[in-house]
There are 2 protein chains.
Amino acid sequence: MSLDGPTMDERIPRDFETLRATILDRRESLPKRIAQIAAYALDNPDDIAFGTAASIAASAGVQPSTLIRFAQQLGFDGFTSLQQVFRERLRERNSSYDERLQALRAKAEGGAGHRAIFDGFVAAASTSLDDISRTLDDAHLEDAISLLAKAQTIYVLAKRRSYPVATYIAYALGKLKIRNQLIESAAGLNAEMIAFATPADAVIAISFSPYAPATIEEARTISEQGVPIVAITDSSFSPLAQFARVWFEVAEADFAGFRSLSATMALAMALTVGVGEKRRDMGRKRKG
Amino acid sequence: MSLDGPTMDERIPRDFETLRATILDRRESLPKRIAQIAAYALDNPDDIAFGTAASIAASAGVQPSTLIRFAQQLGFDGFTSLQQVFRERLRERNSSYDERLQALRAKAEGGAGHRAIFDGFVAAASTSLDDISRTLDDAHLEDAISLLAKAQTIYVLAKRRSYPVATYIAYALGKLKIRNQLIESAAGLNAEMIAFATPADAVIAISFSPYAPATIEEARTISEQGVPIVAITDSSFSPLAQFARVWFEVAEADFAGFRSLSATMALAMALTVGVGEKRRDMGRKRKG
DNA sequence: TATGGATTGGAATTATTATTTCATATTCCC
DNA sequence: GGGAATATGAAATAATAATTCCAATCCATA
């Protein structure tokens, strides 16, 4: 009475991720040889995309007919339509990292419309991330996190272009329930705010060339009070570097006169969440 | 005497880059139809990798036999072996990009130290950028820029996690000498600020789930005043979307509970600089 | 351990696809 | 402008690959 078959309303997977999920889901209930080809398909998706039914079957150690049964069991009408999904997957994943960046840059430079601008910013952000993940020094990261984790209050100091990073740090520290103070210029009370900082506190200062004079001045003042500073800046000649206990050099790529913030943001978040984690560890040790 | 043919020592390109160079090199000396398919091949390498001789030929506007002649002229013995090169390219480039991100994610998940946290944020940012550059709709971008370029004042509305983006937009608009107003909560005068906005202005509103109620309320008020809104949000169900004239869906990857901002930042910068450019064009037309 | 149903292997068949061929058109050189 | 060499189009042919079919095997159940 019950008539199974392709006319049933079982949805046939159109994209690779759905297909993968479907296969994983049914894994247990599949016959031995079908399961064998299913495993092969998930392990060697490229082979499915490029091979012929015969070659794939041979590699997986089954008969071509089994491969077709596998496809049909998933709701496709044959191997060919199953293969389409595997090919689509390769198509959609765009070029290798380098090719991708090259393509973006080319589009950004050659292209006419506003899409080119967008591509330019994406390329700049990618380049910056690439760069920082290669150059970041693990030891500096550890040092900075230790230093900040010990602070009673973390002051965050940044102006102009770096200010968005500062606000994100303040937001994240707040969510992690870490006492912090964003030094903003709005009310003109910076000097007073800074005066409260003691050597038991710490500062995250962010400034890039051309360095906002106010940031540098405030960093000087605060370091003279004996408050340790973690600096994020763009060169070892940066005036910030000389006041800092630990400092990071972050090279952000720019486009259309605006530098990316992606690398700085990633570092800022790592510092923030790192401090949060360290604090939890310290709390546990003290109690335990 | 001179015996041309496949036995000559002309090297047949085995990898895509060599092939590309070879084609570019001979471009001038190729017959019309062969040149036509050569151009098509370099412009649509994916089609060559997956299509059939007939389908490719049709897309390129030539006969299948021409496609084969093209392959032979490059030293291959037929279309099939030429196609191999295009397939190999897809295979290789894919693994490199995937492996890259997977490696980062693996390090982030497996790694012990704080470096793992950092890698996690870099991976999240990369993924987000990757994603947005695939999904961003060019037409929406154009619409949004046109709309904003016409505005007398651009209001920027964002709270909490989105606030850093808003501050960067405000900074960039300021540098481009475009009149703008950041709607901040500090002084509690938001309602008064918003009341100044007219239909001749425009708003960039940014909010992600969980949507800050204040942002939604302010967006509603301002849209009821007839001020057009460009929204950046994370889902078509977002309450922001319903008030917006144009809206962008940006899916940011997250790590350790904090979402990346890299994709949103890239989009924000593209909008800002796009508006700056459009304004300059408009000014030139009016004068000329 | 017999029996029915599901699963599998392998060859036969059908379909699709690459390649070849040949007539026609175009180009280039004398 | 004429003729040879080259290039192109279109259909015929050859090759390759997908699919189907049926007999053999396996497995669970009575």
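Let me start with one contact: the side chain of Gln63(A) has an N or O atom 2.6 Å from a phosphate oxygen of DNA strand C. This is a predicted model, so please take each value I give as computed from predicted coordinates.

I will stay with DNA strand C for a moment. Ser65(A) reaches a base: one of the polar atoms in its side chain lies 3.1 Å from a base oxygen of the strand. From the other chain, Phe79(B) uses a polar backbone atom, which is 2.7 Å from a phosphate oxygen of DNA strand C. Several elements give two or more residues to the surface near this strand. In chain A they are helix H2 (32–43) and helix H5 (64–73). In chain B they are helix H4 (53–60), helix H5 (64–73) and helix H6 (79–110).

Which element gives the largest share of that surface? It is H5(B), with five residues. By type, the residues of the surface near DNA strand C are seven nonpolar, eight polar and four charged.

Taken as a whole, 19 residues surround DNA strand C, and the closest are Arg33(A), Gln63(A), Arg69(A), Ala53(B) and Phe79(B). Of the strand atoms that come within 4 Å of the protein, 65% belong to sugar and phosphate.

Now to DNA strand D. Here, too, there are 19 residues around the strand, and those that come nearest are Ala53(A), Phe79(A), Arg33(B), Gln63(B) and Arg69(B). Sugar and phosphate make up 63% of the atoms of DNA strand D within 4 Å of the protein.

Three contacts can be named. Ala53(A) has a backbone N or O atom 2.7 Å from a phosphate oxygen of DNA strand D. Thr80(A) has a polar side-chain atom 3.3 Å from a sugar or linking oxygen of the strand. On chain B, an N or O atom in the side chain of Gln63(B) is 2.8 Å from a phosphate oxygen of DNA strand D. The elements with two or more residues in the surface near this strand are helix H4 (53–60), H5 and H6 of chain A, and helix H2 (32–43) and H5 of chain B. H5(A) gives the most, five residues. The division by type is seven nonpolar, eight polar and four charged.

Next, the two protein chains. How many residues of chain A are in contact with chain B? The count is 57 residues of chain A, against 56 residues of chain B. Between them the chains bury about 5,500 Å², and 65% of that is on carbon and sulfur atoms. On the chain A side, Phe50(A), His114(A) and Phe258(A) lose the most area to chain B, together 14% of what that side buries.

There are four salt bridges between chain A and chain B. One of them pairs Arg115(B) with Asp138(A), with the closest N and O atoms 2.9 Å apart. Polar contacts link 15 residue pairs across the two chains, both residues being at pLDDT 80 or more. Elements of chain A that give two or more residues to this side include helix H3 (45–50), helix H9 (138–149) and helix H14 (262–287). The largest share, 12 residues, comes from H8(A). The side of chain A that touches chain B is made up of 29 nonpolar, 10 polar and 18 charged residues.

H8 also appears in the aromatic pairs. The structure has seven of these over all chains. In one, Phe121(A) and Phe255(A) sit edge-to-face, 5.1 Å centre to centre with 75° between the planes. Phe121(A) is in helix H8 of chain A and Phe255(A) in strand S6 (residues 254–255), so this pair ties together parts that are 134 residues apart in sequence.

Last, some backbone details. Ser209(A) and Pro210(A) are joined by a cis peptide bond, with omega about -5°. Pro210(A) lies in the loop between strand S3 (202–206) and helix H12 (213–224) of chain A. In chain B, a cis peptide bond joins Ser209(B) and Pro210(B), with omega about -5°. Pro210(B) is placed in the loop between strand S3 (202–206) and helix H11 (213–224) of chain B. Finally, Lys177(A) is not a glycine, yet has a positive phi of about 60°. Lys177(A) is found in the loop between H10 and strand S2 (180–183) of chain A.

Technical notes. Residues are numbered from 1 along each chain as its sequence is written. Chains are lettered from A and ligands numbered from 1 in the order in which they are written. This is a predicted model: local features need pLDDT of at least 70, side-chain atom pairs count only at pLDDT 80 or more; totals for chains, interfaces and linings use all residues. Side-chain values use heavy atoms; hydrogens and water are left out. A residue is near a molecule or strand if one of its heavy atoms lies within 4 Å of it. A polar contact is a pair of N or O atoms within 3.5 Å; within protein, one must be able to donate a hydrogen and the other to accept it, and residues adjacent in sequence count only if both atoms are side-chain atoms. Helices (H or I, at least four residues) and strands (E, at least two) are DSSP runs, numbered from the N terminus. Ala, Val, Leu, Ile, Met, Phe, Trp, Tyr, Cys and Pro count as nonpolar, Asp, Glu, Lys and Arg as charged, and the others, Gly among them, as polar. Contact means heavy atoms within 4.5 Å. Buried area is the accessible area (1.4 Å probe) that two parts lose on being put together, summed over both. A salt bridge is a side-chain nitrogen of Lys or Arg within 4 Å of a carboxyl oxygen of Asp or Glu. Rings of Phe, Tyr and Trp (its six-membered ring) pair if their centres lie within 6.5 Å; planes under 30 degrees apart count as stacked, over 60 as edge-to-face and the rest as tilted.
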